[in-house]
Amino acid sequence: MIAPVGTLVTIAWTFALMSLLAIGGANSAIPEMHRVAVDVRQWMTDAQFADMFAISQLSPGPNVLIVTLIGYHVAGIAGGLVATAAMCGPSAIVAYIVSRRLQRSAQSEWPRILQAALVPLSIGLMCASGLILAQTADRTVVAAAVTLVAATVAFASKLNPIWLLAAGGMLGLAGLV
Amino acid sequence: MELFLAFAKMSLAGFGGVLVFARRAMVEKHRWMTAEEFNEAFALCHFLPGPNIVNLSVVFGSRFGGIPGAVAAFFGLVGPPAAIVTALAAIYAHYGQIDAIQRTLAGITCAAVGLFLAVIAKMMLPLLKQRDPVALVLLFAVFAAVGLLRLPLPAVLLVSIPISIALTAWIRTRGTA
């Protein structure tokens with residue numbers, strides 16, 4: 001599949017912007033990814049977005065790789081590469097520059113104020129991510145119960161998350177969810 | 001090269017987030033950083049935009065080997081898992097519509113959302129303990145704007161970041177005066 005250049009440019013621009021807006025990490029940008037991919041561009045359905053979240057959680061590596069899946073879905077391998085580079089590149093450059101600066105002027109009060117100001121915003125965004133994902137995934141009572149149990153177990157124990165994902169998959173395969 | 005391999009290893013070991021593995025590899029196994037240095041670098045990457053762990057690899061790589069070090073760490077972290085995810089995306093594109101796979105993925109999604117909610121809950125605990133009303137109001141406002149009203153992220157951040165920084169700076173200076 002050869003993607004039109006225009007699509008790749010759209011992907012690059014979309015994720016480059018998101019890279020700089022994802023305060024507190026890639027998961028903060030999930031609502032925006034959902035909004036753009038499902039509502040604005042209509043690249044995929046709600047259910048497909050949920051599937052991609054599941055696949056990204058299931059695979060090893062940083063969670064940001066959900067953008068690779070979205071890019072691939074839209075424009076094949078080139079789309080995946082462009083989306084990944086656009087999502088990681090701009091913020092990585094910012095991180096590089098800021099870390100250099102900070103080493104020189106470690107006494108400044110500003111990084112601490114900035115951090116204190118951004119933490120609540122980033123957690124608010126994460127909560128929004130959680131809500132949107134729960135709305136796309138939990139369409140039945142059983143599904144919501146699975147989410148709730150997984151959340152409680154993960155919160156209260158140090159069980160390797162892969163077992164919870166496997167259990168969810170088994171229940172799904174058995175047709176219970 | 002050593003950086004590339006170390007980051008490749010930790011990212012492939014990291015299901016559902018690489019942070020724990022990154023800490024183990026950098027602080028305990030290779031002793032490239034002390035625990036304090038790691039926390040400081042992580043805090044920096046946490047309030048910068050973009051995927052945290054990707055930023056961390058760039059900051060860390062650059063401290064050891066300048067720009068080549070940053071590039072090696074980055075590709076070690078992102079390259080191998082991105083290849084895996086791309087393979088999964090190809091499989092999904094071909095077989096994603098098969099009923100059994102649909103059901104399994106739906107089950108995994110439910111569990112994955114649960115894990116995600118648990119992570120959010122853990123992040124919120126310290127904030128709830130501080131009982132900082134300003135932070136909680138900001139958190140809820142961002143959640144409502146993005147999660148409930150589904151407003152575009154750029155607009156929400158354009159409003160909320162200046163407000164949050166101004167409030168935080170004002171409270172801090174008043175506190176020390």
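**Entry 1: H2 and H5 of chain A**

I began with how H2(A) and H5(A) lie against each other in this predicted model. Their axes are 8 Å apart and the packing angle is about 45°. Angles under 35 degrees would count as roughly parallel and 65 to 115 as roughly perpendicular, so I noted H2(A) and H5(A) as oblique to each other.

Next I looked up who makes the contact. From H2(A) come A:Ile30, A:Pro31 and A:His34, and from H5(A) come A:Leu125, A:Ala128, A:Ser129, A:Ile132 and A:Leu133. By class I have six nonpolar residues, two polar and no charged in this contact.

**Entry 2: H3 and H5 of chain A**

I then turned to H3(A), which packs on H5(A) at an angle of about 115°, with 9 Å between the axes. I wrote down the crossing of H3(A) and H5(A) as left-handed.

Which residues meet here? On the H3(A) side I found A:Asp46, A:Phe49, A:Ala50 and A:Phe53, and on the H5(A) side A:Leu133, A:Thr136 and A:Ala137. Five of the residues in this contact are nonpolar, one is polar and one is charged. A:Leu133 is worth a bookmark, as it appears in the contact with H2(A) and in the contact with H3(A).

**Entry 3: where chain A touches chain B**

I moved on to the two chains together. Here 87 residues of chain A are in contact with 80 residues of chain B. On the chain A side, the elements giving two or more residues are H1 (5–21), H2 (30–40), H3 (46–58), H4 (66–104), H5 (110–137), H6 (141–156) and H7 (161–173). My familiar H5(A) gives the largest share, 20 residues. Sorting the chain A side by class, I get 61 nonpolar, 22 polar and four charged residues.

**Entry 4: domains of chain B**

I looked up how chain B is divided, and found domain 1 (1–95), domain 2 (99–129) and domain 3 (132–177). The centres of domain 1 and domain 2 of chain B, taken over C-alpha atoms, are 22 Å apart.

**Entry 5: two positive phi values**

A reminder to myself: most residues other than glycine have a negative phi. A:Gln42 is not a glycine, yet has a positive phi of about 50°. I found A:Gln42 in the loop between H2 and H3 of chain A. Is A:Gln42 buried or exposed? It has 9 C-beta neighbours inside 10 Å, so it counts as exposed.

B:Arg150 also has a positive phi, of about 55°, without being a glycine. I located B:Arg150 in the loop between H6 (133–148) and H7 (153–176) of chain B. With 14 C-beta neighbours inside 10 Å, B:Arg150 counts as partly exposed.

Conventions:
Residues are numbered from 1 along each chain as its sequence is written. Chains are lettered from A and ligands numbered from 1 in the order in which they are written. This is a predicted model: local features need pLDDT of at least 70, side-chain atom pairs count only at pLDDT 80 or more; totals for chains, interfaces and linings use all residues. Two residues are in contact if their C-beta atoms, placed from the backbone, lie within 7 Å. Helices (H or I, at least four residues) and strands (E, at least two) are DSSP runs, numbered from the N terminus. Ala, Val, Leu, Ile, Met, Phe, Trp, Tyr, Cys and Pro count as nonpolar, Asp, Glu, Lys and Arg as charged, and the others, Gly among them, as polar. Axes are lines fitted to C-alpha atoms, for helices over the stretch in contact, and angles run from 0 to 180 degrees between N-to-C directions. A crossing is left-handed if the near helix is turned anticlockwise from the far one by less than a right angle, and right-handed if clockwise. Angles under 35 degrees count as roughly parallel, over 145 as roughly antiparallel, 65 to 115 as roughly perpendicular and the rest as oblique. Domain bounds come from an automatic or database domain assignment. A residue is buried if 20 or more other C-beta atoms lie within 10 Å of its own, exposed if 12 or fewer, and partly exposed in between; C-beta atoms are placed from the backbone.
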